[in-house]
Amino acid sequence: MKVYDVAVVGTGSVGSAAGYYSSTMGASVVQIDSEYPPHCKGSHHGETRLMRHAYAEGEKYIPLVLKAQCLWNDLELKTNKPIFHRVGVLNIAPKNTDFYKNVLMTAQQYNIPIKQYTTLEIQKRWPNWTFDASYIGLFEPDAGYLNAPLAIETYLSESRKIGASQLFGFEVIKIQYCETRDFVIIQSADGKEVYAKQVIVCAGTWIGKIFPELPVQPKRKVFEWFNISDQKLSEEKGFPAFAIQLKNSATYYGFPAKNGQIKIGRHDGGQNISTLNENSEYETYTNDAIEVEGLLKNHLSGVEHLSHGAACSYDMSPDEDFIIDWLNSKKNIQIVTGLSGHGFKFVSVLGWLMAQRALGKAIDYDLSAFRLNRFNDKTE
Ligand SMILES: Cc1cc2nc3c(=O)[nH]c(=O)nc-3n(C[C@H](O)[C@H](O)[C@H](O)COP(=O)(O)OP(=O)(O)OC[C@H]3O[C@@H](n4cnc5c(N)ncnc54)[C@H](O)[C@@H]3O)c2cc1C
């Protein structure tokens with residue numbers, strides 16, 4: 001009977017990295033997933049994810065995101081895969097918003113290169129943008145975007161090379177520590193069992209199917225690709241990725257156009273769902289087609305008609321901050337969830353940290369802000 005050092009349940013984004021780093025640290029590893037990652041049933045499809053360092057979501061994320069960038073760079077160097085695209089990220093928001101203040105404050109505090117632009121200056125450098133003078137721009141040249149499916153594919157293939165086992169099409173329904181045998185038992189929907197000393201659970205949006213007590217709300221979100229009529233919007237011509245908050249608090253993100261198409265999404269809004277089937281195709285809801293209308297109508301020119309869209313899911317925590325914790329007092333089951341639609345950039349560092357903790361190593365990063373007990377949940 002094989003007892004792995006580390007089992008990773010859910011090997012999409014964070015799980016693919018956790019399995020990889022556990023393997024590089026010499027552990028015997030099994031990576032388990034109900035699907036065949038990367039795939040379109042979780043939170044990671046749609047090609048691209050923003051990689052920002054000056055972070056509106058708060059200071060506690062900055063040491064993590066800076067380490068994440070180093071790990072992404074290392075992965076690229078090692079595998080020669082174009083995972084990170086350093087196209088810069090342009091943040092635009094009204095001057096009086098926390099969004100603007102936090103991006104500026106975190107950049108100053110951590111010496112993250114950033115350049116401030118008035119709206120006139122924005123228009124001069126990127127003429128497709130139009131904003132009134134109450135807005136301000138902060139351009140981070142070292143930021144950009146990650147190719148999410150390629151990153152996952154890379155972590156998984158590199159893990160295989162090092163010797164990790166992979167069990168795909170294996171839907172986990174129960175994870176339980178067995179005191180008499182001193183290992184964790186992972187049970188599948190069709191009655192199979194896997195055993196491991198340590199389990200890292202990264203089941204994303206659907207973690208509640210395994211641990212219903214966790215405060216994670218699945219949310220459906222769409223994003224869209226539009227044909228462009230102006231080549232200035234393309235990556236080749238130097239158009240940056242962007243994160244934009246409007247006066248009505250609507251928050252949008254997007255990427256420079258590739259092959260004549262620009263991808264844009266809206267971060268706020270969306271539909272709460274409770275099953276994977278409810279994460280239905282793009283345009284099931286009438287709202288889908290107007291998600292990014294507020295940005296296109298009033299602020300961005302050079303975008304023509306819609307090409308296509310897709311639906312993805314967020315795993316929302318009650319305060320939209322991550323949940324990273326041990327799930328039992330024995331400290332052999334840990335979870336990473338509640339990434340709330342902003343987790344991909346951290347995938348490398350979260351996988352690396354989870355691997356270290358699973359293998360009993362001390363970590364140099366403060367994860368206390370992400371503990372479950374901030375919701376007074378009595379999960380232990
Ligand atoms: C539209 C959209 C835009 C986004 N934009 C950004 C962005 O610009 N920047 C950014 O940093 N982040 C962004 N995010 C967020 C980021 O993509 C997610 O936070 C991240 O991908 C979540 O990773 P995960 O490992 O938790 O989930 P996933 O990648 O979904 O992986 C979870 C895995 O668990 C598996 N699984 C689930 N249940 C079980 C089970 N019972 N048994 C076995 N396996 C199971 C699934 O099949 C899946 O492979 C965005 C997300 C979306 C949806």
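**Close-up views of a predicted model**

**View 1. Glutamate 47 sits in the loop between strand 2 and strand 3.** Strands (E, at least two residues) and helices (H or I, at least four) are DSSP runs, numbered from the N terminus. Phi of glutamate 47 is near 75°, a positive value in a residue other than glycine. Proline 38 lies in the loop between strand 2 (29–33) and strand 3. A cis peptide bond, with omega at about -5°, joins proline 37 and proline 38. For background, most residues other than glycine have a negative phi, and most peptide bonds are trans.

This is a predicted model, where local features need pLDDT of at least 70 and side-chain atom pairs count only at pLDDT 80 or more, while totals for chains, interfaces and linings use all residues. Residues are numbered from 1 along each chain as its sequence is written, and side-chain values use heavy atoms, with hydrogens and water left out.

**View 2. Here is the ligand with the 31 residues that surround it.** A residue is near the ligand if one of its heavy atoms lies within 4 Å of it. The closest are Ser13, Asp33, His44, Leu50 and Lys345. By type, the shell divides into 13 nonpolar, 13 polar and five charged residues. In this grouping, Ala, Val, Leu, Ile, Met, Phe, Trp, Tyr, Cys and Pro are nonpolar, Asp, Glu, Lys and Arg are charged, and the others, Gly among them, are polar. Strand 18 gives the largest share of the shell, three residues. Domain 1 (3–45 + 149–215 + 319–375) and domain 2 (89–141 + 217–314) both give residues to this shell, so the ligand lies between them; the domain bounds come from an automatic or database assignment.

**View 3. Now look at polar contacts of the ligand (pairs of N or O atoms within 3.5 Å).** A polar side-chain atom of histidine 44 lies 2.8 Å from an oxygen atom of the ligand. For valine 14, a backbone N or O atom is 3.0 Å from a ligand oxygen atom.

**View 4. The second largest pocket is lined by 16 residues.** A pocket is an open set of points on a 1 Å grid over the protein atoms alone, where a 1.4 Å probe fits, with protein on both sides within 12 Å along at least five of seven lines; lining residues have an atom within 4 Å of a point. Glu47, Thr48, Tyr145, Trp225 and Lys258 lie nearest the pocket's centre. Its lining divides into six nonpolar, six polar and four charged residues.

Note on methods
A polar contact is a pair of N or O atoms within 3.5 Å; within protein, one must be able to donate a hydrogen and the other to accept it, and residues adjacent in sequence count only if both atoms are side-chain atoms.
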